[in-house]
Amino acid sequence: MELKDETSNFSQSRKLFLYILKIFIIWRGTLLLMHLIGLSFSQMNESSSPQERFWHWFPDNHYLDSFFRFDSSWYNDIIQGGYSYNTEKQSNVAFFPLYPILVKAIASLTSLSVPISGLLLSNLCLILALFFVYKISNIYLNKRGCEKVLILMLVFPTSFFYSCFYTESLYLLTTAACFYFFLNKKYFWSGFFGFFASLTRVTGVIIFLAFAIELLWKYLKKKEPPKRESIFLLLIPCGLIAYMVFLAWKFNEPLAFIKVQDLWGRDERVFPLIRVC
């Protein structure tokens, strides 16, 4: 009976993965077509001012180059030369380390170029993230509702960022997995993915606050004490703490990622968790 249940679960997961892969290919193919049509009717406009020029990774390939903009150059800077900190100008310490670490690891293991490794990572993370989003939706919705959730996510106008050289897909994957395991009371895996969420973006640490409030509410309203395994949720803020320890060791400034915000025109006195890094 147990073996039959495991076989059934594997079959369901396989069907779900194939469905996700299908809608991902349709979504990506549609964006590809729209992108090519858009490029055929327009061209990149740049300011004549050197200070306002776009950073180009593929200046001769407008289609491929469009996946690398703005913050992509900062992540590339981290991958190529590591972290640097200058109190007088914008520094790459504002960007958290997990994404550049994984991109560099993929590039080293596969011999692919850094930009292609980044695109591969982003798209793989998106596929896995959609799997966990579906699983979470399945707790509250029927099959049709779950499918709508995935489709609406992909057709949302800014969803193209999930395929770019950005942290969006990685952050979505780590947070979705973190919530999925929390809802299923598998607190070690929730803390495990939460650790990587807060190592991807500073806002990942807010997940711990959400879980703490949930456990406190259950204790006060339902008299349901937290399980001993919930101690693993303390792993979630450890991603942020690990980055702060690194900054303290390298630059003697654990809050360097906050200190540099005013150099982007943001006030560093603002509560740091509001800032998405």
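User: The expected span of a helix is 1.5 Å times one less than its number of residues. With that in hand, how far apart are the end C-alpha atoms of helix H9 (residues 206-222)?

Analyst: Quick caveat: this is a predicted model, where local features need pLDDT of at least 70, side-chain atom pairs count only at pLDDT 80 or more, and totals for chains, interfaces and linings use all residues. Residues are numbered from 1 along each chain as its sequence is written, and side-chain values use heavy atoms, without hydrogens and water. Helices are DSSP runs of H or I with at least four residues, strands are runs of E with at least two, and both are numbered from the N terminus. The 17 residues of H9 should span 24 Å at 1.5 Å a residue, and that agrees with the distance between its end C-alpha atoms, 24 Å.

User: How wide an arc do the buried residues of H9 cover around the axis?

Analyst: Buried means under 20% relative accessible area, exposed over 50%, and partly exposed in between (1.4 Å probe, protein chains only). In H9, the buried ones are Ile207, Phe211, Leu215 and Lys218. They sit on the same side of H9, because their arc (taken from the directions from the helix axis to the C-beta atoms) is only 70°.

User: Why would that spacing point one way, and which residues are exposed on the other side of H9?

Analyst: An α-helix has 3.6 residues a turn, so residues three or four places apart point the same way. The buried residues of H9 pack against helix H7 (168-183) and helix H8 (187-198), with contact meaning heavy atoms within 4.5 Å. Exposed on the other side are Ile213, Leu220 and Lys221.

User: Are the rings of Phe96 and Tyr243 stacked, tilted or edge-to-face?

Analyst: Rings of Phe, Tyr and Trp (its six-membered ring) pair if their centres lie within 6.5 Å; planes under 30 degrees apart are stacked, over 60 edge-to-face, the rest tilted. A search of the whole structure turns up 33 such pairs. For Phe96 and Tyr243, the centres are 4.7 Å apart and the planes at 50°, so the pair is tilted.

User: How many residues apart are Phe96 and Tyr243?

Analyst: Phe96 is buried at 0% relative accessibility, and Tyr243 is buried at 1%. Phe96 lies in the loop between helix H3 (71-81) and helix H4 (98-110), whereas Tyr243 belongs to helix H10 (residues 238-251). Their pair links distant parts of the chain, with a separation in residues of 147.
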